[in-house]
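Work through the two exercises below with the structure in view, and try each task before reading its solution.

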Amino acid sequence: MSFTKTLLVSTAVAAMAVGPAFADGHMANELTIVSWGGAYSKSQKLAYHDPYAANTGITIINDDSSAEAVAKLRAMNEANNVTWDVVDAEAADAIRLCDEGLAMEIDPDTMLAAAPDGTSARDDFGALLVSECFIPQIVYSTTFGYRTDLVGDTPPSKICDVFDLEAYPGKRSLEKRPINNMEWALLCDGVAKDAVYDVLATPEGQDQALAKLGTIKDSVIWWSAGADTPQLLADGEVIMGSTYNGRLFSLIVEQNQPVAMMWDAQVFSLDGWIIPTGLSPERQARALDYIMFATDTQRLADQSKYISYGPARASSAPLVGKHAELGIDMAPHMPTDPNNAKNTFLYNLEFWADYRDDIDAKFQAWLAK
Amino acid sequence: MSDSTATGPVLAADGTPLKKSLAQALRREKTRALLLIAPLLIFVLISFIFPIGKMLFRSVENDIVADTIPLTVVELAKWDASSGELPNEDVYAAMAADMVVAIAAKAHTRLGSRLNYEQTGLSSLFRKSGRAIKKWDLATDAPFKEKFLEIHDGWGTVEVWQTIQTHSGRKTSGYFLNAIDMQLSPDGPAAQPESKQILITLFKRTMIMSMIITISCILLAYPVAWILANLPARKANLLMILVLLPFWTSLLVRTSAWKVMLQQQGVINDILVWLGLVADADRLVMINNQTGTIIAMTHILLPFMILPMYSVMQTIPITYLRAAKSLGATNWTAFWRVYFPQSVPGIGAGSILVFILSIGYYITPEIVGGTKGVFISNRIAYHISSSLNWGLAAALGAILLALVLILYWAYDKIVGIDNVKLG
């Protein structure tokens with residue numbers, strides 16, 4: 001056998017071995033997934049990445065860059081070198097990415113798995129499909145936690161207690177951006193829940209909200225990272241503060257701090273996946289295959305074993321079980337649990353997509369005064 | 001002597017005129033030097049100057065409007081915005097034709113985001129209209145004016161068309177006006193409403209606080225550098241490690257450590273309360289304000305002041321001081337008239353380093369600055385990563401760069417840049 005023949009035969013054998021992998025849709029063998037890091041990325045790794053890698057044998061690379069995802073994706077797109085395959089993004093960012101043409105449009109009927117009972121993905125996700133490019137994953141809420149030992153005998157139970165300095169003297173922490181704060185201020189200034197965004201669309205309404213926030217301005221520590229409020233609560237720097245419910249869950253349940261949740265007027269928001277535009281067909285096929293797997297009913301329910309965020313599919317809710325390590329029931333810690341969701345506020349994505357820059361400029365100018 | 005002048009130009013050994021030969025040698029020398037620095041020069045050009053220039057260019061670039069809706073821009077130019085009446089059917093028809101093309105390319109929402117910077121609400125106007133216009137047939141659906149008004153009231157307001165008309169040029173001064181709290185209105189540049197004015201305040205604050213940080217760095221670093229330069233080598237090296245250790249520690253770790261130290265339930269307040277200097281009820285507020293930013297940034301930037309000072313002081317012979325004293329100078333005179341003037345180049349180098357670094361800082365002010373201790377760079381970061389208004393971010397960056405260059409020029413005029421030494 002000549003050398004050339006050996007080469008030919010071995011190439012043919014190799015091609016046969018590799019063949020099947022190419023046969024099912026020409027997919028890339030590597031997947032770069034971008035997310036937020038910390039406990040959240042860990043829950044995704046355990047619920048989605050590890051099973052998917054075990055099933056398919058591909059390598060998953062994690063990148064904790066979601067906080068800068070919008071700017072980085074735009075830069076990558078302009079450089080024609082998109083290195084990310086799947087990106088975890090807040091719904092508001094997903095809308096922005098979709099508007100900028102940086103995220104691909106998703107057809108829920110063909111690209112997402114139907115529920116086990118046959119309900120189509122479109123119906124299963126329902127109203128949570130807020131953008132053509134967005135695949136919802138979790139429902140989280142921005143809500144308040146308070147120090148049980150620092151608020152006296154009657155703990156705060158209503159959102160307006162945050163604005164009540166007489167009953168609850170001490171510092172509180174609020175996010176250093178207008179979103180959520182403006183809505184809460186208006187709610188506590190006598191504006192009806194369904195009129196909040198109509199009022200907030202007018203300059204007078206914005207001034208009204210800022211005036212209400214002004215009544216507690218000197219007692220507020222403004223946070224910019226989700227970990228700030230838990231730290232401030234643990235140190236006793238603030239007596240109450242807003243943050244994402246999952247952060248408070250880990251503070252209360254996993255770290256046993258004297259903190260309790262106040263769910264009143266919690267603001268629901270969404271987090272999910274987007275697939276960047278400009279991927280090669282092989283990589284896009286792989287990303288879609290991953291998404292099909294990672295957002296099915298069982299996988300979304302699995303994630304709630306590791307973190308207290310509600311699965312975005314209606315069909316996943318009954319499957320929510322116990323915490324993987326602590327063995328406690330997760331359902332009562334979900335923002336969507338009926339006991340917690342007695343009074344909720346729905347964050348208006350469309351409104352903030354329009355008004356974010358305008359109100360943010362006002363808000364920052366107000367803060368600086 | 002008179003021989004050489006009489007026989008014409010001086011010749012080199014190989015017979016060429018000396019002047020020419022010298023020039024050649026000099027040119028060779030220069031070429032060799034240029035070749036030696038060429039890798040660095042090319043690297044700096046490609047990876048530094050070019051991208052920065054390209055980024056800064058965004059502050060005046062405005063192709064998106066004319067590229068996305070070219071027909072409308074032409075038709076809209078004929079419209080008299082001050083008439084108070086809506087544009088005619090031609091404009092609406094052009095808009096319909098442009099939108100159909102733009103929607104196919106998914107460019108209409110991008111245009112909406114761009115125009116939303118100028119007028120709130122245009123983002124959703126374009127997004128919502130896109131969904132409806134997708135179903136239109138250009139040939140049969142005319143006239144379009146009513147159809148546009150049916151989709152959204154916005155198309156029936158003069159302001160929307162004025163905004164599009166005002167911002168249809170390929171170059172715009174809008175971003176720079178925004179950067180100094182003004183806006184480009186249909187009637188020309190105008191001030192922003194007072195409730196939205198923030199950027200000038202931030203520029204001023206950035207400059208003033210950077211100067212305070214630089215001055216506190218000078219005051220703290222000078223004695224340290226003096227001790228370092230005048231101790232025996234072994235002790236000096238040990239102290240040097242103490243200076244360098246924080247320098248090697250992560251910026252975030254150091255900033256977070258200051259949080260633990262300065263907060264109201266923090267280490268410093270706890271000690272003060274324990275000593276009885278401060279009542280438990282009114283603990284000092286040292287963080288989430290300007291004090292926090294100044295303390296944390298002074299600490300973080302201190303090594304940048306100590307190191308150049310130290311390397312300059314090392315070169316000042318201590319014998320000068322002794323000579324001054326032996327000639328009758330007091331300790332103070334010897335220091336102030338003999339030692340200090342020689343150490344000024346170190347102060348200059350350190351100050352330039354610290355000042356330029358501090359006006360660009362944003363992580364530390366973001367974490368410990370609260371609301372009154374944040375810098376202009378925090379706003380730039382917001383526009384780069386959250387609002388995606390890169391034009392405004394570029395304009396703010398350009399202004400910041402210009403301010404630094406002006407200060408550098410002023411420094412050169414007052415102190416002289418030759419008086420700066422890094423070692």
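**Exercise 1.** Determine how many residues each chain brings to the contact, and describe what holds the two sides together.

*Solution.* Counting as contact any heavy atoms within 4.5 Å, we find 38 residues from chain B and 39 residues from chain A. This is a predicted model, in which local features need pLDDT of at least 70 and side-chain atom pairs count only at pLDDT 80 or more, while totals for chains, interfaces and linings use all residues. Residues are numbered from 1 along each chain as its sequence is written, chains are lettered from A in the order in which they are written, and side-chain values use heavy atoms, with hydrogens and water left out.

Next, count the salt bridges (a side-chain nitrogen of Lys or Arg within 4 Å of a carboxyl oxygen of Asp or Glu): there are 9 between chain B and chain A. One of them joins A:Glu350 to B:Arg127, whose closest N and O atoms are 2.9 Å apart.

**Exercise 2.** Decide which residues of helix α4 of chain B are buried and which are exposed.

*Solution.* Buried means under 20% relative accessible area and exposed over 50%, with partly exposed in between (1.4 Å probe, protein chains only); helices are DSSP runs of H or I, at least four residues long. In α4(B), residues 70-77, the buried ones are B:Thr72, B:Val73 and B:Leu76. Seen down the helix axis, the buried residues of α4(B) fall within an arc of 100 degrees (taken from the directions from the axis to the C-beta atoms), so they line one face of the helix. On the other side, B:Val74 and B:Ala77 are exposed. Finally, the buried residues pack against α3, α5 and α9 of chain B.

How values were computed:
Helices (H or I, at least four residues) and strands (E, at least two) are DSSP runs, numbered from the N terminus.
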